[in-house]
Amino acid sequence: MKSSLSTAEVESYTQPFLDFITQNPTVFHAVDAVARRLESNGFTKLSSREQWNDKIKKGGKYFVERNGSSIIAFCIGSNYKPGNGAAVIAAHIDALTTKVKPIPTKPTKAGYVQLGIAPYAGALNKTWWDRDLGIGGKVLVRDKSTGKIQTKLVKLDHPIARIPTLAPHFGAPAYDPNPNPETQMVPIIGLDQSGTEGTSTSGNPSSQSTGLLQGDSVFAATQPPRLVNAITRKLNAEDHTTTASDIINWELEVFDTQPAQLGGLDKEFIFAPRIDDKLCSYAAIEALVASTSDTSTQDNSQPTDDSIIRTVGCFDDEEIGSLLRQGANSNFLPSTIERVVAALTGGQCIPDLVSQTFANGFMISADVSHAVNPNYLSVYLENHAPQLNVGVAVQADPNGHTTTNSVSTAFLQRVAEKCDSTLQVFQIRNDSRSGGTVGPMLSSAMGMRAIDAGLPQLSMHSIRATVGNLDPGLGVKLFKGFFDHFEEVDAEFV
C-alpha cells in the first residue's frame, strides 16, 4: 500500500518496539522474533543449504537466516524482470553486550560465586556497573530420540548477575578511571561460603581446569554448576526432556534486564537497552511488512505489483567490524541477491544480470545517529545536530565512513517528500572521530548507490539509551516510503 503513515499509525509502533526490545535481549532472540514476525505475514523461510530455483516465484515473500544471528528478508514484485533493481535497507541487529567465556567458572572469592565474561565491542564500560544483568542466548542440545544436535533459545527470568562498584569511602581505588575489565569488572552471580565451588577466599584455585573440550558430557563440567542447573531447568520447563548431559555447547550473553519504557513528562522519550541498532532493524522490517501487506483486506499473502526486489538485511557483528560469515562484510547479502536472480532466470546465474541488478538498485544503510545532547552543545557541528521525534537523519562524512553523496541525498529527499517525512542531517566536527556503518562495505561490494541514514539517539554505547517515542514509527514511515516510491523516484534520475 502506497499511502503514507498517519500520526496515529506512527504512534502505533511505539509499544511494539518496547516489547521487541524487552522480550528479545540477545541477538539470537531478536533474529528469532523477526523470523516469527515475517512468517506471520506470509513470508516463507528458505535454507541456504538447499536449491532455491524451484522455490522462488515472482510475487513471493521470503527470508533466510545465517547463524541464527543475521537475517535477510525480500519480496519480489509480481512484475519483476531479471536485471531490475533491488531496493535495499541494511541495518545491524547486534548490540553492545558481554559474552560468557568458553570456560567461565571462576574461583570463589570471599564467598562470592563469579562468572567469567568478555566485552563485545565497547561493552563493560562504566555504564555497566551496578546494573541488574540477565543471562540468555543460544544452547546446542542433542535430541535423545534422534541423536541430532538442535538449537534452542534460553533466557533466565530474573536478574542473575551484577558488577558491584567500590564505595567512595575506600578512596582512590573507587575513583580509578580505568578499572581492569578482567579483574575488577567480574559479575557476581551467587554466594557460596562452603568452599565447594572453587577455592579459599584468597582466590587461589584449589583445582585448575585444563581447558580441554572432549566429548559431549565434558561441556557441562566446564561451566558453573549452578548456571548449568538454572539453564537446564529453564529448557526442561519448556520441552520436559532436556538434562545437563544433553547440552553440547552454548553462546550466552549477559544483558541489562530493565525493561524498555516510556519516560518524560508527557512520555515523549523511550529509555531502553540495545537501541543501537535494533531500532533501525525493527523499523526496516516493519516497513517491509507494511509495504507488502494489503491492509484494506488484511491479506498478507498479496504480492506487490512492482517490478523490483524489496530487501531488508539485519546483520550481526557490525560492532566488531562485520568480518564474520554473519556480518555485512561477508557474502550474505550479495550472494542472496545473486541466488534470487538465478532462480528467476531458470537457474542461470548470469553475471551481467546480477551486475545490472546492483547498478539499478539503491541501498539505505540504516544505523542510528547521534541526537543533540543539550549538556554538550559545543561538541556538535552547527546545523548538523539531529533532534528526537523529528525524523531520520542523513549521515554525512567527507572521509568515506558513510556512503552519503549528493545523488543519494537527493534520492532520499524525493522519497521523503512523497511520503511526508522529515529528513535531518548529521556530520561530526573536524576535531572529533566519526564512526562507521555497514554501508561502505556493502555498497563497494555490490557497486550499488547508497546513503547512510538512521534514527538519532542519545547516549550511544551506554547500556541504556534514549530515543523519541515517535522515532520507531517515523523510521517505519520513511523506510516504507522508500519501498513504495522507489521506482517512481528512480525514474527521475538519469
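The lining of the second largest cavity in this predicted model breaks down by class into six charged, five nonpolar and two polar residues. That makes a lining of 13 residues, with V27, D94, A95, T97 and E253 sitting nearest the centre of the second largest cavity. The space inside comes to about 70 Å³.

This void is one of five cavities of 30 Å³ or more that turn up when the whole structure is searched. The largest of the cavities holds about 160 Å³, and 16 residues line it, with A95, L96, R274, S462 and I463 closest to its centre. Two elements, β10 and α6, each put two or more residues into that lining. Strand β10 (residues 247-256) is the top contributor, with three residues. Sorted by class, the lining of the largest cavity has nine nonpolar, four polar and three charged residues. A95 shows up in both places: among the residues closest to the centre of the largest cavity and among those nearest the centre of the second largest one.

Next come the open pockets. The largest pocket has a volume of about 960 Å³. Its lining runs to 36 residues, and H370, R433, S434, G435 and M460 are the ones closest to the pocket centre. Here the class split is 17 polar, 13 nonpolar and six charged.

The second largest pocket takes up about 670 Å³. It is lined by 22 residues, and those closest to its centre are K45, E65, N67, G68 and T151. Four elements each supply two or more residues to this lining, namely α3 (27-39), β1 (44-46), β2 (61-66) and β8. Helix α3 gives the most, with six residues. In terms of class, ten of the residues lining the second largest pocket are charged, seven are nonpolar and five are polar.

Then there is the packing of the interior. In soluble globular proteins, nonpolar side chains tend to be buried together. In this model, the largest nonpolar core counts 65 residues, and L38, I89, I364, F479 and F482 have the most contacts inside it. The element that gives the most to this core is helix α6 (residues 275-291), which puts in eleven residues. L38 is a handy residue to look at up close: leaving aside residues up to four places away in sequence, L38 touches F43, F63, I71, A73, I285 and V289. Helix α6 thus comes up twice, once as the main giver to the core and once among the elements lining the largest cavity.

On the charged side, the structure holds 20 salt bridges. One of them joins the side chains of D246 and K144, at 2.2 Å from N to O. D246 sits in the loop between α5 (225-239) and β10, while K144 sits in the loop between β7 (133-142) and β8, so this pair ties together parts that are 102 residues apart in sequence. The two partners differ in how open they are. D246 has a relative accessibility of 9% and counts as buried, whereas K144 is exposed, with a relative accessible area of 54%.

Another salt bridge pairs the side chains of E182 and K101, with an N to O distance of 2.7 Å. E182 belongs to the loop between β8 (149-155) and β9 (188-191), and K101 belongs to strand β5 (residues 97-105), so the bridge ties together parts that are 81 residues apart in sequence. E182 is partly exposed, at 40% relative accessible area. K101 also falls into the partly exposed class, at 22% relative accessibility, which clears the 20% limit under which a residue would count as buried.

The side chains of K55 and E50 form a further salt bridge, this one at 3.9 Å from N to O. K55 is partly exposed, with a relative accessible area of 34%, and E50 is partly exposed as well, at 42%. Salt bridges also come as a network, with D306, R310, K480 and D484 linked to one another in this way.

How values were computed. Residues numbered from 1 in each chain as written. Predicted model: local features only at pLDDT ≥ 70, side-chain atom pairs only at ≥ 80, totals over all residues. Heavy atoms only, no water. Core = buried A, V, L, I, M, F, W, Y, C linked by side-chain atoms within 4.5 Å. Buried < 20%, exposed > 50% of the residue type's maximum accessible area, 1.4 Å probe, protein only. Contact = heavy atoms within 4.5 Å. Salt bridge = Lys/Arg side-chain N within 4 Å of Asp/Glu carboxyl O. 1 Å grid on protein atoms, 1.4 Å probe; cavity = no way out; pocket = protein on both sides within 12 Å on 5 of 7 lines; lining within 4 Å. Points joined across faces, edges and corners; volume = space filled by probe spheres on them. Nonpolar A, V, L, I, M, F, W, Y, C, P; charged D, E, K, R; others polar.
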